[in-house]
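Work through the exercises below with the sequence and the model side by side. Try each task before reading its solution.

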Amino acid sequence: MSRFQRAVPVLQVGDVERSMGWYVDTFGFHPDPFPEKPPYGFAILRRDDSEIMLQCVDAKETLHSGDGWAVYLRTSGEDLLELATAIGRVTPLVRGPERMFYGLVEFEVIDLDGYRICVSGSLPASVNVPNAREREDTGR
């Protein structure tokens, strides 16, 4: 029987080149756009073991609601706070970093197309990170 390796989010965007640039600048993804020259209709973004696909659609056809996470990026290592600081220099953090009741530390950003991206990782309890507020208090 076939074995699934991973699920890859496919984000529908109005301008693949613009969105691709944001993911490169913000997260350090490496782009592989199609066709080879703009205007691009599709791109695969890769970093480490993660992939995100961007698919060009007419702006009125975008299907995401803007509510909830579109992408959840799990990190390893103990430099999550440094990553949050670096990303915060490129785009505003809309939540966190904060420690969730299930132990992970998370922060969120919103991309140029309105997709909510959550970045999470495990940090030792000794790392000073505020605890998450109750969901009703976060405004999400």
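**Exercise 1. Contacts and overall layout**

Task: Find what share of the contacts in the protein with a separation of 6 or more comes from residues 24 or more positions apart, and describe the order of helices and strands along the sequence.

Solution: Counting a contact wherever heavy atoms lie within 4.5 Å, residues 24 or more positions apart account for 56% of the contacts with a separation of 6 or more. This is a predicted model, in which local features need pLDDT of at least 70 and side-chain atom pairs count only at pLDDT 80 or more, while totals for chains, interfaces and linings use all residues. Residues are numbered from 1 along each chain as its sequence is written, and side-chain values use heavy atoms, with hydrogens and water left out.

Next, take the secondary structure from DSSP runs, numbered from the N terminus, where helices are H or I runs of at least four residues and strands are E runs of at least two. The protein has three helices and eight strands, and along the sequence they follow the pattern β-α-β-β-β-β-α-β-β-β-α.

Then consider burial, where buried means under 20% relative accessible area, exposed means over 50%, and partly exposed lies in between (1.4 Å probe, protein chains only). Of the 140 residues, 34% count as buried.

**Exercise 2. Confidence**

Task: Decide where pLDDT stays under 50.

Solution: Begin with the average of pLDDT, the predictor's confidence in each residue on a scale from 0 to 100: the mean for the protein is 91, and 89% of its residues reach 70 or more. The stretch to note is residues 136-140, over which pLDDT stays under 50 and for which the model has six contacts beyond four places in sequence.

**Exercise 3. Two residues and their surroundings**

Task: Establish whether Met-20 is buried or exposed, and do the same for Arg-95.

Solution: Locate Met-20 in helix 1, residues 16-27. Met-20 has a relative accessible area of 8%, so it is buried. Leaving aside neighbours within four places in sequence, Met-20 is in contact with Pro-31, Pro-33, Tyr-40, Ala-43, Leu-45 and Leu-54. Its C-alpha atom is separated by 9.9 Å from that of Leu-112, which is 92 residues away along the chain.

Turn now to Arg-95, which is placed in strand 6. With a relative accessible area of 8%, Arg-95 is buried, and its C-alpha lies 7.3 Å from that of Val-109, 14 residues away in sequence.

**Exercise 4. Aromatic pairs**

Task: Work out why the rings of Phe-101 and Tyr-102 make an edge-to-face pair.

Solution: A pair of aromatic rings is described by the distance of the centres and the angle of the planes. Rings of Phe, Tyr and Trp (its six-membered ring) pair if their centres lie within 6.5 Å, and planes under 30 degrees apart count as stacked, over 60 as edge-to-face and the rest as tilted. A search of the whole structure finds eight aromatic pairs. For Phe-101 and Tyr-102, the centres are 4.8 Å apart and the planes stand at 75°, so the pair is edge-to-face. Phe-101 is exposed, at 79% relative accessibility, whereas Tyr-102 is partly exposed, at 40%.

Compare Tyr-23 and Phe-29, an edge-to-face pair at 6.3 Å centre to centre with 75° between the planes. Both Tyr-23 and Phe-29 are buried, and ring pairs link them with Trp-22 and Phe-27 into a cluster.

**Exercise 5. Backbone geometry**

Task: Identify which residues the cis peptide bonds join, and find what is notable about the phi of Asp-48.

Solution: Keep in mind that most residues other than glycine have a negative phi, and that most peptide bonds are trans. One cis bond joins Phe-34 and Pro-35, with omega about -10°, and Pro-35 is found in the loop between strand 2 (30-34) and strand 3 (42-47). Another joins Gly-96 and Pro-97, with omega about 5°, and here Pro-97 is in strand 6, residues 95-99.

For the last step, go to the loop between strand 3 and strand 4 (50-56), where Asp-48 lies. Asp-48 has a positive phi of about 55° although it is not a glycine, and with a relative accessible area of 70% it is exposed.
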